Amino acid sequence: MADKNIFTDKVKITIKSGDGGDGMNSFKAFKGKPACGPDGGDGGNGGNVYVVADGCMNDLLSFRYTSKYFAGNGERGGTNKCFGKGGNDMIIKVPVGTVVRDAETDTVISDMFAEGERKLIAEGGRGGKGNVRFTTARRHAPNFAQKGEKTEPHVLILELKVIADVGIIGFPNVGKSTLLSKISAARPKIANYHFTTLSPNLGVVKYYENSFVAADIPGLIEGASDGAGLGHDFLRHIERTRMLLHVVDISGSEGRDPTEDFKKINSELKVYSKVLASLPQIVALNKCDVYGAEENIKQFKKKFSRKYKIFPITAVNGEGTDKLIEGVFSVLETLPPVKRMESDENFTYTKSGDLGFEIYMDGDAYVVVGALVDMLCRNVALNDPDSMAYFQKILREKGVISKLREMGIKENDTVIVGDVEFDFVN
Ligand SMILES: Nc1nc2c(ncn2[C@@H]2O[C@H](COP(=O)(O)OP(=O)(O)OP(=O)(O)O)[C@@H](O)[C@H]2O)c(=O)[nH]1
Ligand SMILES: [Mg+2]
């Protein structure tokens, strides 16, 4: 038997968006006239990390060889007000149907459901401002620049769950792949031994002007839900199908009792997942061409026809498959479409420097800079007392005041927060 791990449908990868480049602290210098004025440019923003659903990929194999996906860091700002170059984005291509989760919390970040879909997973750090950006009417020569925002790595779990309407299940060698090859353009490997199919095959089945997608998965055996055979790994692929097509070798050609086969697979499903076990299921009794099938069909129908729609077929020559497709379609018509897995739409990785701040000494003044300050300046109207109260509250809450104290600030020392300048009151 081939290595069952060749098909890779669940991997862990580490991602990181780029750090922001530091702002530059520099002064224009002319011959004989050093330090004429600030001219340090902003650092570049770090690159973002995106995940994109690619219709040409079938598995997550490539992720077994590379597990780190880091976007580029932003470059440092230059002299002469030059901006640092932004970091390159990292675009991670995954097969359609890949579910992206955060490894630490298990939160579903995104279900890459549709071809071409693109999701921002981690935003790059903002570049720091160069010293020229801190020039104000009062401060002509700020002698500091802001650091770029740093980002953290995160571990993601990528898990492929194929998107199909119908899951074809059954014991190994019963003719599941043969059936798929007859009813669709898919060309899965077919052979007279167990576990010929090692990874799911998808096929589009046409029915008049309609169509549906069927997934043929590796054969299940007793104990599949506990990891026996290949079954356990593949059951999750049919978790989001709308219905199951259960193929039974009605000829009993391998010496098993077809009714026992049927019961065993269904009890495996029940053990694995209640959702799977409760999906609508119809039955294809295959290999009707083999001598002895007739009697078994009678027995099978006697036992199960009250609960299940049963279709005798001969997959090798396509006999009975039209009626079977009609039967599948009549069930699908009554079912809702395949649903995208619920994900946390608002999930974003917070950057370590998010709403952070730094304090620099500029002469005797304490200058607070950073994302926190940018946010405050956007939200605070200086002549509005309510706003000013909010401003002070945030400075206290975010630890700016205690940091100032740590730095040894004294009563009446000057504090500059963005455009606001005030005297420190203990
Ligand atoms: N006589 C007869 N043989 C069939 C029929 N359908 C499939 N077979 C044979 O059964 C064997 C297994 O067929 P596959 O389609 O590979 O079976 P499978 O269920 O996909 O098998 P796994 O992928 O190993 O689980 C092959 O030798 C087929 O030619 C049929 O209707 N009649
Ligand atoms: Mg097969």
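Which residue in strand 17 is the bridge partner of V367? The partner is I416. This briefing concerns a predicted model, and it covers the pairing of strands 16 to 18, two helices with their buried faces, and the surroundings of ligand 1.

**Strands 16, 17 and 18**

- Strand 16 comprises residues 365-369 and strand 17 comprises residues 414-417; the two run parallel and are joined by three bridges.
- The pairing of V367 with I416 places a residue of strand 17 opposite V367.
- Strand 17 also pairs with strand 18 (residues 420-423), here in the antiparallel sense and over four bridges.
- Within that antiparallel pairing, D423 of strand 18 stands opposite T414.
- Strands 17 and 18 form a hairpin with two residues between the strands, and G418 in this hairpin adopts a positive phi near 60°.

**Helix 5**

- Helix 5 (residues 293-304) has twelve residues, which at 1.5 Å a residue should span 16 Å; the end C-alpha atoms are 16 Å apart, in agreement with that expectation.
- A293, N296 and F300 are the buried residues of helix 5.
- Viewed down the axis of helix 5, these buried residues fall within an arc of 60°, so they line one face of the helix.
- In an α-helix there are 3.6 residues a turn, so residues three or four places apart point the same way.
- E294, E295, K298 and K302 lie on the other side of helix 5 and are exposed.
- The packing partners of the buried residues of helix 5 are helix 3 (258-272), strand 13 (281-286) and strand 14 (310-312).

**Helix 3**

- Helix 3, one of the elements against which helix 5 packs, has 15 residues; at 1.5 Å a residue these should span 21 Å, and the end C-alpha atoms are indeed 21 Å apart.
- Its buried residues are P258, D261, F262, I265, E268, L269 and Y272.
- The buried residues of helix 3 cover an arc of only 125° around the axis, which puts them on the same side of the helix.

**Surroundings of ligand 1**

- Ligand 1 is surrounded by 23 residues, of which G175, S177, N192, T197 and G219 are the closest.
- Helix 1 (residues 176-183) contributes three residues, the largest share of the shell around ligand 1.
- By class, the shell around ligand 1 consists of eleven polar, nine nonpolar and three charged residues.

Note on methods:
Residues are numbered from 1 along each chain as its sequence is written. Chains are lettered from A and ligands numbered from 1 in the order in which they are written. This is a predicted model: local features need pLDDT of at least 70, side-chain atom pairs count only at pLDDT 80 or more; totals for chains, interfaces and linings use all residues. Two strands pair if DSSP finds at least two bridges between them. The expected span of a helix is 1.5 Å times one less than its number of residues. A residue is buried if 20 or more other C-beta atoms lie within 10 Å of its own, exposed if 12 or fewer, and partly exposed in between; C-beta atoms are placed from the backbone. The arc is that of the directions from the helix axis to the C-beta atoms. Two residues are in contact if their C-beta atoms, placed from the backbone, lie within 7 Å. A residue is near a molecule or strand if its C-beta atom, placed from the backbone, lies within 6 Å of it. Ala, Val, Leu, Ile, Met, Phe, Trp, Tyr, Cys and Pro count as nonpolar, Asp, Glu, Lys and Arg as charged, and the others, Gly among them, as polar.
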